[in-house]
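Dear colleague,

I am passing the structure on to you below, followed by some notes on what turned up in it. Please read the notes with the coordinates open.

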Amino acid sequence: MKRLIAGVVLGASMATAALIVARVVLPGWKELELDVYVLTVGAMALLAAILATRRAFPVEARSGLAEAMEREPRSPARPPDLERTERMLSMASTTAFDLYFRLRPVLREVAEQRLADRRGLRLDSGDPRVEEACGEDLWEVVRPDREAPDHRFLPGLAPAALHRVVERLEAIE
């Protein structure tokens, strides 16, 4: 650091000497001489500041980007919709309220779409083929005349029953 300061002082001294010589030799160019002097001393000061900063914060051997690219990849994040669906299934197995108001609309939507696409049926049509296509477990959950639970904390469907409902929903052809 002392060497850097000594270099700047030496450079400024030489620039000052050059300014004095230029004033004596060419006395009519005062503004230009002063501008050149200020720019020269300012450039030396800026160079000294840059060198001091590089010494204080040395350049790393490798960039952070290169290191990040070589690290082990993280396990892929789980899709938010999957987590939301898992929570919905968990809550539906706990209370009848969650089964009816959270999971049932999703199951009805999927069943309606599958029945329409694969069999040309509407879920709310009253056609006996709809109940047959859905199966007993799924139909009990998605049937149009299912009433909301009287008490919101009644037990929901058991996990095994929910599993059967989802399997039956997937099996609609």
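What stands out to begin with is Arg104, which is buried (under 20% relative accessible area, where exposed is over 50% and partly exposed lies in between, with a 1.4 Å probe and protein chains only). Arg104 nevertheless has no salt bridge (a side-chain nitrogen of Lys or Arg within 4 Å of a carboxyl oxygen of Asp or Glu), and the nearest side chain of opposite charge, that of Asp145, is 6.6 Å away (Lys and Arg count as positive, Asp and Glu as negative, while His and the chain ends are not counted).

This is a predicted model, in which local features need pLDDT of at least 70 and side-chain atom pairs count only at pLDDT 80 or more, whereas totals for chains, interfaces and linings use all residues. Residues are numbered from 1 along each chain as its sequence is written, and side-chain values use heavy atoms, with hydrogens and water left out.

Arg104 belongs to helix H5, residues 96-119 (helices are DSSP runs of H or I with at least four residues, strands runs of E with at least two, numbered from the N terminus). Its side chain reaches the backbone oxygen of Val141 at 2.9 Å, and a polar atom of that side chain lies 2.6 Å from the backbone oxygen of Arg143. Residues up to four places away in sequence aside, Arg104 touches Leu99, Val141, Val142, Arg143, Pro144 and Arg146 (contact means heavy atoms within 4.5 Å).

Two of these contact partners, Arg143 and Arg146, are linked with Glu140 and Asp145 in a network of salt bridges. Within that group, the side chains of Arg146 and Glu140 meet at 3.8 Å, N to O, and Glu140 is partly exposed at 39% relative accessibility.

The structure holds 11 salt bridges. In one of them the side chains of Asp124 and Arg108 meet at 2.7 Å, N to O; Asp124 lies in the loop between H5 and H6 and Arg108 in helix H5, so the pair ties together parts that are 16 residues apart in sequence. Arg108 is buried, with a relative accessible area of 16%, whereas Asp124 is partly exposed at 41%.

Asp137, in helix H6 (residues 128-142), is partly exposed at 31%. The C-alpha atoms of Asp137 and Val165 are separated by 5.6 Å although the two residues are 28 apart along the chain, and Asp137 is in contact with Arg164 as well as Val165, its neighbours within four places in sequence left aside.

Best regards

Methods: A polar contact is a pair of N or O atoms within 3.5 Å; within protein, one must be able to donate a hydrogen and the other to accept it, and residues adjacent in sequence count only if both atoms are side-chain atoms.
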